[in-house]
Amino acid sequence: MKYQIGSEMKKQSFSLQPFEKDMLDIRIRGQVARRKNIITVRYELMGDLGKIDIPEPKQSPSRVKGLWESTCFELFLSPRGRQEYWEINVSPSGDWNVFCFERYKEKRSIDNLREETSVDS
């Protein structure tokens, strides 16, 4: 999904489809919006939610590696025309992380992930 964003608030709706037809009956839709340097993303998870692990909200969420190993939402951001990008992981628990990659499909493991350090913890 690509679209031009100026200083006024622009919103784009999206819906995600499972890779395989036999996966759980889960659907995700949402909306992404940007105004100047603020990006807002809203995810809506629908379907048979009893079949997936949804962590409870934490009193003190923190930066955590490996959120993708359980239920989390992801957002990928890249400057126009550049290869590097950021992957943002957020959990329903409130835990989060942001990683920086030089290019798409760069070889990686949990031990060599480069956390974005310019984000407040």
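**Hairpin and aromatic cluster**

Strands β2 and β3 form a hairpin with 2 residues between them, and K36 in the turn has a positive phi of about 55 degrees. The model is predicted: local features need pLDDT of at least 70 and side-chain atom pairs count only at pLDDT 80 or more, whereas totals for chains, interfaces and linings use all residues. Residues are numbered from 1 along each chain as its sequence is written, and side-chain values use heavy atoms, with hydrogens and water left out.

**Strands and turn**
- Strands (E, at least two residues) are DSSP runs numbered from the N terminus, and two of them pair if DSSP finds at least two bridges between them.
- β2 (26–35) and β3 (38–47) flank the loop that holds K36; the two strands pair in the antiparallel sense over 10 bridges.
- R34 stands opposite I39 in β3.
- Strand β1 (residues 10–16) runs antiparallel to β2, joined by 7 bridges; F14 has G30 in β2 as its bridge partner.
- K36 is exposed (over 50% relative accessible area, 1.4 Å probe, protein chains only), with a value of 57%.

**Aromatic rings**
- Rings of Phe, Tyr and Trp (its six-membered ring) pair if their centres lie within 6.5 Å; planes under 30 degrees apart count as stacked, over 60 as edge-to-face and the rest as tilted.
- The count by this rule is 5 aromatic pairs.
- The Y43 and F73 rings are stacked because their centres lie 4.5 Å apart and their planes stand at 25 degrees.
- Y43 in strand β3 and F73 in strand β4 (residues 73–77) are 30 residues apart, so the pair links distant parts of the chain.
- Ring pairs link F14, Y43 and F73 into a cluster.
- F73 is buried (under 20%) at 14% relative accessible area, while Y43 is partly exposed (between the buried and exposed limits) at 22%.

Terms used: Helices (H or I, at least four residues) and strands (E, at least two) are DSSP runs, numbered from the N terminus.
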